[in-house]
Amino acid sequence: MDLSRRRVLSAAALGGAAALVGATALGSLAPEAAFAAPSALDPDAPDPNFAEGRVTGVADTMLLVTGSDGTLWRIRVTSASSIWKLRPATLDQVSVGDGLYARGVRLPDGTLAADSVWVNIVNLQVHIAAITRNTVHMDHKGSRIVGHVVPGTSVAAYNGTPAVADLSLLKVGAHIQVLGAWIPDTNEIEIATVHAAA
């Protein structure tokens, strides 16, 4: 994250004029961005500007999150923050029990001013076990996952080409990468993007 992004997020969290800048002007909200390579940090050190975990509370513009390692995060959502929950979303669509990844800027009070928040996002390498009209049944490391096709949202990118709404080229037995949104406490996801060979 460059210094201008830090200034925008800090100003937004503190109520400055920069809060008027739209979040999409700051960078991609595409689900692939959640899994982008981290900046040049010590690989053994935790990234202070990255949080993950499950939402335990939502208070005003603050997300209270418990990380998988027990870290308690306070993530401030500002007018410059972008939220993804299968598609661009708003803070009122984030619920207790949701999982998330967030990137932003750590503020002096210990909160993380969010640049991007990806809610319930998953990135899986799977094999297709079965296909029905609106679902793709997938095997992931011995577990079955049901992927729901969401009309108007789910797309497929075949052989690295731009994504299209037509998922009819997916085949049983094929190895695919799927980005989607987990339905909390289930083995089901809603499909955002499938990367596959045609």
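Is Y101 buried, partly exposed or exposed, and what is its relative accessible area? Y101 is partly exposed, at 28% relative accessible area, where buried means under 20%, exposed over 50% and partly exposed in between (1.4 Å probe, protein chains only). The model is predicted: local features need pLDDT of at least 70, side-chain atom pairs count only at pLDDT 80 or more, and totals for chains, interfaces and linings use all residues. Residues are numbered from 1 along each chain as its sequence is written, and side-chain values use heavy atoms, with hydrogens and water left out.

**Exercise 1. Describe the overall make-up of the protein chain.**

Step 1. Helices (H or I, at least four residues) and strands (E, at least two) are DSSP runs, numbered from the N terminus. The protein chain has one helix and 13 strands, and from the N terminus the order is α-β-β-β-β-β-β-β-β-β-β-β-β-β.

Step 2. Of its 198 residues, 42% count as buried. The exposed area is about 10,100 Å², of which carbon and sulfur atoms supply 58%; accessible areas come from the Shrake-Rupley method with a 1.4 Å probe, and for residues only the protein chains shown count as cover.

Step 3. A contact means heavy atoms within 4.5 Å. Among contacts in the protein chain with a separation of 6 or more, 58% join residues 24 or more positions apart.

**Exercise 2. Classify the aromatic pairing that involves Y101.**

Step 1. Rings of Phe, Tyr and Trp (its six-membered ring) pair if their centres lie within 6.5 Å; planes under 30 degrees apart count as stacked, over 60 as edge-to-face and the rest as tilted. This rule yields one aromatic pair.

Step 2. The ring centres of F50 and Y101 are 5.8 Å apart and their planes stand at 25°, so the pair is stacked.

Step 3. Because F50 lies in strand β1 (residues 50–59) and Y101 in strand β6 (residues 99–106), the pair ties together parts that are 51 residues apart in sequence. F50 is partly exposed, with 22% relative accessibility.

**Exercise 3. Determine how strand β8 is paired.**

Step 1. Two strands pair if DSSP finds at least two bridges between them. Strand β8 (residues 121–131) pairs with β12 in the antiparallel sense over seven bridges; I121 has A181 as its bridge partner in β12.

Step 2. β8 also pairs with strand β9 (residues 135–140), in the antiparallel sense and over four bridges. Here A130 has H137 as its bridge partner.

Step 3. Three residues lie between β8 and β9, which form a hairpin.

**Exercise 4. Examine L86 and N159, which have positive phi.**

Step 1. Most residues other than glycine have a negative phi. L86, which is not glycine, has a positive phi near 75°, and N159, likewise not a glycine, has a positive phi of about 55°.

Step 2. L86 is found in the loop between β4 (82–84) and β5 (88–89), and it is buried, at 5% relative accessible area.

Step 3. N159 is found in the loop between β11 (155–158) and β12 (175–182). N159 counts as exposed, at 54% relative accessibility.

**Exercise 5. Describe the surroundings of A157.**

Step 1. A157 is placed in strand β11 and is buried, with a relative accessible area of 6%.

Step 2. Leaving aside residues up to four places away in sequence, A157 touches A163, V194, H195 and A196.

Step 3. A157 and A197 are 40 residues apart along the chain, and their C-alpha atoms are separated by 8.3 Å.
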